[in-house]
Amino acid sequence: MSYRVDLAVLSEQPKFCRFGLTLHNLSDQDLSGWQFQFIADRFILPDSISHGSIRQIGSFCTIFPDQEILPANQHFYCEFSINTAPLRFYTDGFKDALICNTQGEALFPVDITPIALASPFKERSSIPDVDSAELAVIPKPNKMERFTGEFTLTANSQITLQASTSEKAATWLQEELQRIYQFNTPSIGQSDILYRNNPTLDEGEYQVIVSSTGIRLEAGTSSGFVHATATLLQLIQPSAEQNKLIVPFVKIVDTPRYRYRGVMLDCSRHFHPVERVKRMINQIAHYKFNTFHWHFTDDEGWRMEVKAFPELTDIGAWRGPGCTLDPQFSHLSEVYGGFYTQDEIREVIAYAQERAITIIPEIDIPGHCRAAVKSLPHLLHDPEDQSEYRSIQHYTDNVLSPGLPGTYEFIDKVLEEVAELFPSPWVHIGADEVPEGVWLKSPSCQKLMAEKGYSDAKQLQGYLLRYAERKLRSLGKRMVGWEEAQHGNKVSKDTVIYSWLSEDAALNCAKQGFDVILQPAQYTYLDMASDYAPEEPGVDWAAVIPLENAYRYEPLAEVDENDPMRKRILGVQCGLWCEIITHQKRMDYMVFPRITAMAEACWTNKSQRDWEDYLSRLKGHLPLLNRQGIDYRKTWK
């Protein structure tokens with residue numbers, strides 16, 4: 001270790017912190033002609049830094065010291081300020097650090113010590129100890145009866161189909177039995193597992209009956225058979241005898257609470273390979289989610305192949321030294337990125353369909369578009385636009401211009417390929433976090449505002465989104481977007497709103513006549529820290545979400561059961577934003593077991609939900625997670 005950086009909170013107020021940075025030269029050589037690069041996800045006030053100056057693009061920061069030489073065994077010290085809430089977690093500190101020469105070329109890596117927090121809050125939420133439930137089914141079925149006895153699956157146990165709609169579910173069962181238990185079902189044998197059509201059961205509904213005559217799974221739809229399979233996989237227990245599995249005698253009659261039950265994965269901030277994406281899709285099928293919201297594009301990366309614009313992935317999928325996009329969040333010294341070819345996307349779509357999961361793609365416009373703008377400057381950059389703004393992630397050049405013809409060419413061609421590629425009837429267009437100040441000093445945008453009689457830049461956002469909505473409608477798709485999609489009052493009530501800021505925002509949209517998906521960050525964001533101790537990974541801008549808070553989320557708890565607004569709520573979604581999710585182990589830790597708690601908000605009726613009952617089922621469920629190699633956060637120490 002030749003170089004080390006320490007970061008300490010010197011003082012903090014509700015929305016202001018002062019920091020001290022110490023860079024140590026632990027080598028026996030003087031350092032000259034140097035700069036210091038690091039990753040920090042808060043905006044450093046440029047005029048607040050002592051002993052140098054700073055440049056920041058997103059989370060990528062460079063300090064230009066006023067100390068030309070850093071002598072051997074000496075240190076450089078500076079202070080700076082951030083208008084931010086107090087920092088509470090070590091993951092709020094530097095993510096990566098590097099010493100460079102004056103041309104910005106990497107010289108030496110820098111070790112990072114954990115941030116010295118001013119007042120770390122170390123209390124952990126308490127989890128009562130409970131006995132393990134025998135029937136550890138999550139989410140809890142709406143009706144479940146246990147009878148005396150158990151059925152044994154053997155090497156002669158065959159899967160028999162009496163319903164064509166059950167074929168995918170039966171194939172999934174075979175795959176999971178082999179993957180989890182190394183148990184194979186024969187093509188010829190005893191019909192111990194029977195998939196049987198039951199036309200009285202609606203979409204997603206199912207029954208599982210286990211008795212001395214075998215296992216019967218009934219449904220009226222392919223999704224119902226998949227959900228029945230998910231329940232069976234949780235009922236199965238390994239036997240002490242080799243090549244045998246045990247299933248308790250039960251009768252389960254079950255139906256989903258909400259028709260939309262979603263999970264979102266951000267693959268822009270950090271790229272997740274196809275196998276990792278498939279792994280998550282397979283996992284959420286176990287908990288009866290039916291929608292995978294795939295976040296492909298953002299400021300930090302464009303991840304979907306678009307044949308009309310190869311530059312989007314040639315340029316926009318990569319960041320780091322020598323790239324058009326600066327490093328962000330990690331990997332300061334190396335090129336980082338990746339993208340999905342259209343063939344890979346088709347492969348993932350087919351994989352999800354086999355598990356009764358619909359994939360909704362998200363192409364974020366008009367904000368969060370820096371990767372696109374940098375990839376296609378001839379179409380998307382307006383050199384005459386002198387507007388001054390800073391996005392929530394600290395960019396000053398990440399918004400599409402409604403005044404450029406290239407913007408509409410870009411939207412048309414991208415959405416055409418998206419619509420052709422994805423069978424989903426919905427396409428998500430983002431629409432969130434367009435910063436204040438955009439388009440105000442753009443001659444082309446001001447001209448457009450005058451032509452349309454607009455007085456507010458939000459109306460330009462509405463104009464652009466209405467264009468996208470009409471384009472998608474012409475392609476046979478329904479537009480969905482974050483709650484800011486209704487800003488400017490231009491899109492039709494056919495657009496579905498995903499409400500992320502709060503439930504109040506969801507109700508406001510529902511009152512306007514929009515259909516709504518609930519995704520309040522205070523309960524459903526899996527990138528939030530799971531507890532209050534500073535060593536917990538995660539963020540807390542919306543809330544800290546311990547397991548109990550995740551479980552106790554009751555959608556629209558304050559709204560009367562008979563309120564007509566409830567009819568506008570189509571379902572619930574949880575999401576994983578990936579600024580700090582760089583690898584599988586971190587993903588597992590952030591997702592599990594909280595996703596099992598959130599699954600019950602989506603599926604299980606309010607009257608059936610109970611915190612300690614859930615914990616008992618979770619404790620009985622953990623061996624199944626262990627068998628799958630899921631590196632979940634430990635609930636009981």
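This is a short selection-by-selection tour of a predicted model, going through its pockets, its cavities, a helix pair and an aromatic pair.

**Stop 1: the largest pocket.** Begin by selecting Asp41, Ile392, Gln393, His394 and Trp541; of the 40 residues lining the largest pocket, these are the closest to its centre. The space you are looking into amounts to about 1000 Å³. If you colour the lining by class, you will find 15 nonpolar, 11 polar and 14 charged residues.

**Stop 2: the second largest pocket.** Next, select Tyr90, Thr91, Phe94, Lys95 and Arg586, which lie nearest the centre of the second largest pocket. Its volume is about 400 Å³, and 21 residues form the lining. By class, that lining divides into nine nonpolar, seven polar and five charged residues.

**Stop 3: the cavities.** Now hide the surface and look inside. How many cavities of 30 Å³ or more does the structure hold? There are four. For the largest cavity, select Leu7, Phe19, Ala40, Asp41, Arg42, Phe80, Ile82, Leu87, Asp92, Gly93 and Phe94. They enclose about 70 Å³ of space, and the lining comprises seven nonpolar, one polar and three charged residues. Two of these names should be familiar: Asp41 also lines the largest pocket, and Phe94 also lines the second largest pocket.

For the second largest cavity, with a volume of about 50 Å³, select Ser530, Leu547, Tyr589, Phe592, Pro593, Arg594, Arg633 and Thr635. Here the lining splits into four nonpolar, two polar and two charged residues.

**Stop 4: two crossing helices.** Show residues 443-452 as helix α9 and residues 457-474 as helix α10; their axes come within 10 Å and cross at roughly 85 degrees. Because of that angle, α9 counts as roughly perpendicular to α10. To see the contact, turn on the side chains of Cys445, Leu448, Met449 and Lys452 in α9, then Ala457, Leu460 and Tyr463 in α10. Six of the contact residues are nonpolar, none is polar and one is charged.

**Stop 5: an aromatic pair.** The model has 29 aromatic pairs. For one of them, select Tyr260 and Tyr498: their ring centres are 6.0 Å apart, with 85 degrees between the planes, an edge-to-face arrangement. Where does each partner sit in the chain? Tyr260 belongs to strand β19 (residues 260-266) and Tyr498 to strand β28 (residues 496-499), so this pair joins distant parts of the chain, 238 residues apart.

Notes:
Residues are numbered from 1 along each chain as its sequence is written. This is a predicted model: local features need pLDDT of at least 70, side-chain atom pairs count only at pLDDT 80 or more; totals for chains, interfaces and linings use all residues. Side-chain values use heavy atoms; hydrogens and water are left out. On a 1 Å grid over the protein atoms alone, a cavity is a set of points where a 1.4 Å probe fits but cannot get out, and a pocket is an open set with protein on both sides within 12 Å along at least five of seven lines; lining residues have an atom within 4 Å of a point. Grid points are joined across faces, edges and corners, and a volume is the space filled by probe spheres set on the points. Ala, Val, Leu, Ile, Met, Phe, Trp, Tyr, Cys and Pro count as nonpolar, Asp, Glu, Lys and Arg as charged, and the others, Gly among them, as polar. Axes are lines fitted to C-alpha atoms, for helices over the stretch in contact, and angles run from 0 to 180 degrees between N-to-C directions. Helices (H or I, at least four residues) and strands (E, at least two) are DSSP runs, numbered from the N terminus. Angles under 35 degrees count as roughly parallel, over 145 as roughly antiparallel, 65 to 115 as roughly perpendicular and the rest as oblique. Contact means heavy atoms within 4.5 Å. Rings of Phe, Tyr and Trp (its six-membered ring) pair if their centres lie within 6.5 Å; planes under 30 degrees apart count as stacked, over 60 as edge-to-face and the rest as tilted.
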